[in-house]
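The following note sets out points for a colleague who is examining the model alongside its sequence. The points begin with the interior and then turn to the overall fold, selected residues, charged pairs and the surface.

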Amino acid sequence: KSFVPSLLKKLKEPILAGKIQVLLNAGDHAHMIEAFVETLASMGITAKDYKTIDSIAGVHEITKKLIKGGEPTHAVTLFAFPDYFPAVAATDILTRVADVLVTKPSELAFYPVPKLHIRRVGDHEAFSALRASELGDGTLEIREVDEAVQWLDLMRRNPDLLSTFNDQIISNNRQGVYSGCKQAVELALELAKH
C-alpha cells in the first residue's frame, strides 16, 4: 500500500511537467482508491486535475484513443471500479497501450509489455521478476522507491532501453514464449478428441 503512493510522490515534478503520464489502476480495492486519491491530493493534484475511469466502457474508450495515437486528457488517469471484473480486465486491456508496466512481480510478469517490477508482496513472486529479466522484457525486482525512480528516469531519458525491452518481446513472441494459454487450450482440445 505504501510503495506506489511513495513512488507517485517522488514523480511529482515530471508528472506536473507533463514528462510522465500515469495510468493508475486501483482496481476495486477501496483502500487503494483512497490511498491514491489522498496521495494525489498531497501532491497538489485534485480531482479536477486527473481523470477517473470507473467502467469497462471507459477503459475501452481511452485504449482506443491511445491506440490511434491520442494522449490522455490528464497527466494522471485513475482507474477505480466498484466491481472485480472491470478492475482485472482494465490491466489486461491497458497493457496494449502502456509504454511500461510498473507492477509487483505477479502473473503480470508474463505479459508482453516492458515491466518495471517493484517490491513483491509474497516470496513466491521473486521468481516472476527473475524470469522476466531472463527473457529481457522486464527488470529484476526493485525494492526501493528511489531505485524505481532512477529506472523510470533512465527509461524516459534513454528510449533505447524501452526499445530493447520491446525488441525482446517481439523475439520472445516469435518463439511462442507468451503463448502458454493458447498451447494449453490446443492441448486440451487435442486430448478431448481421444
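**Notes on the predicted model**

1. *Main core.* The largest nonpolar core has 28 residues, and the members that touch the most others are L8, I15, V22, F36, L78, A148 and M155. Two or more residues each are given to this core by helices and strands α1 (3–10), β1 (22–27), α3 (30–42), β3 (76–80), α7 (145–157) and α8 (159–174). The largest share, 4 residues, is supplied by α7. The model under discussion is predicted.

2. *V22 and the second core.* Apart from residues up to four places away in sequence, V22 touches L8, I15, A75, V76 and T77. There is also a second, separate core, which comprises 12 residues, including I53, L66, A90 and I93. In soluble globular proteins, nonpolar side chains tend to be buried together.

3. *Overall fold.* The protein contains 9 helices and 5 strands, arranged along the sequence as α-α-β-α-β-α-β-α-β-β-α-α-α-α. The radius of gyration is 17 Å, which agrees with the value near 16 Å for a compact globule of 194 residues. Along the principal axes, the C-alpha atoms fill a box of roughly 60 × 35 × 35 Å. Of the contacts with a separation of 6 or more, 59% are between residues 24 or more positions apart.

4. *Burial and surface.* Of the 194 residues, 40% count as buried. The accessible surface is about 11,200 Å², and 54% of this area belongs to carbon and sulfur atoms.

5. *T39.* Where does T39 lie, and what does T39 contact beyond its neighbours within four places in sequence? T39 is found in helix α3 and is in contact with P5, L8 and K9 once those neighbours are left aside. T39 and P5 are 34 residues apart along the chain, yet their C-alpha atoms are separated by 5.8 Å. T39 is classed as buried because its relative accessible area is 6%, which falls under the 20% cut-off.

6. *T139.* This residue, T139, is in the loop between α6 (126–135) and α7. T139 has a relative accessible area of 2% and therefore counts as buried. With residues up to four places away in sequence not counted, T139 touches K115, L116, H117, A129, S133, W151, M155 and F165.

7. *A buried charged pair.* The count of salt bridges comes to 11. One of them joins K115 to D137, with the closest N and O atoms 3.2 Å apart. K115 belongs to strand β5 (residues 115–117) and D137 to the loop between α6 and α7; the pair, 22 residues apart, links distant parts of the chain. Both K115 and D137 are buried.

8. *A salt-bridge network.* R120, D123, E141 and R143 are linked in a network of salt bridges. Within it, R120 pairs with E141, the closest N and O atoms being 2.4 Å apart. R120 is in the loop between β5 and α6, whereas E141 is in the loop between α6 and α7, 21 residues apart. The side chains of R143 and E141 also meet in a salt bridge, at 2.6 Å from N to O. E141 counts as buried at 17% relative accessibility. R120 is partly exposed at 25%, and R143 is partly exposed at 37%.

9. *A nonpolar surface patch.* Y84, F85 and V88 make a nonpolar surface patch of about 360 Å². F85 is placed in helix α5 (residues 84–94) and counts as exposed, because its relative accessibility is 59%.

Terms used. Residues numbered from 1 in each chain as written. Predicted model: local features only at pLDDT ≥ 70, side-chain atom pairs only at ≥ 80, totals over all residues. Heavy atoms only, no water. Patch = residues over 30% accessible without salt bridge, like charges linked within 9 Å, V, L, I, M, F, W, Y side chains within 5 Å. Areas by Shrake-Rupley, 256 points an atom, 1.4 Å probe, with all protein chains shown as cover. Salt bridge = Lys/Arg side-chain N within 4 Å of Asp/Glu carboxyl O. Buried < 20%, exposed > 50% of the residue type's maximum accessible area, 1.4 Å probe, protein only. Core = buried A, V, L, I, M, F, W, Y, C linked by side-chain atoms within 4.5 Å. Contact = heavy atoms within 4.5 Å. Rg over C-alpha atoms; globule rule 2.2 N^0.38 Å.
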